[in-house]
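Take a look at the chain below. The report after it covers fold, dimensions, surface and two aromatic residues.

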Amino acid sequence: MNIEQAILAKVRQLPLDKQQQVLDFSTFLQQKSLLPSPEMDLTPEQKSANWLKWVYSHSSDNPPLPDEALHRDTMYD
């Protein structure tokens, strides 16, 4: 029995709602595999350079956040 046949045998034993979940998950995996990562073939040095380029592309003219804005009590209920 190959993988496809084993999957089909298992899926056929599931209730219809679980079969739908399997279908949804397999669709998700298929879509995920079709989207190549733009940084997949980059070296660590190239990734670091890209990150630094992104960091420095943002304005540094913004005022710093006040300490109160970073306090845990202001972030969570």
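What follows is a short account of overall features, then of single residues.

The model is predicted. Its secondary structure comes to four helices and zero strands. Along the sequence the pattern reads α-α-α-α.

The dimensions depart from those of a globule. The radius of gyration is 23 Å, whereas a compact globule of 77 residues would have one near 11 Å. The C-alpha trace spans about 60 × 40 × 15 Å along its principal axes.

Burial is scarce in this model: of the 77 residues, 1% count as buried. The accessible surface comes to about 7800 Å². Carbon and sulfur atoms account for 59% of that surface.

Charge is split between 7 positive and 11 negative side chains. The centres of these two sets lie 14 Å apart.

Two aromatic residues can be set side by side.

| Residue | Helix | Relative accessible area |
|---|---|---|
| Phe28 | α2 (residues 16–34) | 43% |
| Trp51 | α3 (residues 44–56) | 54% |

Is Trp51 buried or exposed? Trp51 counts as exposed, because its relative accessibility of 54% is over the 50% cut-off. Phe28 is partly exposed, because its 43% falls between the 20% and 50% limits.

Phe28 also gives a distance along the fold. Its C-alpha atom is separated by 20 Å from that of Ala6, and the two residues are 22 apart along the chain.

Trp51 belongs to a nonpolar surface patch. The patch is formed by Trp51, Leu52, Trp54 and Tyr56. Together they have about 540 Å² of accessible area.

Terms used:
Residues are numbered from 1 along each chain as its sequence is written. This is a predicted model: local features need pLDDT of at least 70, side-chain atom pairs count only at pLDDT 80 or more; totals for chains, interfaces and linings use all residues. Side-chain values use heavy atoms; hydrogens and water are left out. Helices (H or I, at least four residues) and strands (E, at least two) are DSSP runs, numbered from the N terminus. Buried means under 20% relative accessible area, exposed over 50%, partly exposed in between (1.4 Å probe, protein chains only). Patches are made of residues with over 30% relative accessible area and no salt bridge: like charges are joined within 9 Å, nonpolar side chains (Val, Leu, Ile, Met, Phe, Trp, Tyr) within 5 Å. Accessible areas come from the Shrake-Rupley method with a 1.4 Å probe; for residues, only the protein chains shown count as cover. A salt bridge is a side-chain nitrogen of Lys or Arg within 4 Å of a carboxyl oxygen of Asp or Glu. The radius of gyration is taken over C-alpha atoms; the globule rule is 2.2 Å times the number of residues to the power 0.38. Lys and Arg count as positive and Asp and Glu as negative; His and the chain ends are not counted. The place of a charge is taken as NZ of Lys, CZ of Arg, CG of Asp or CD of Glu.
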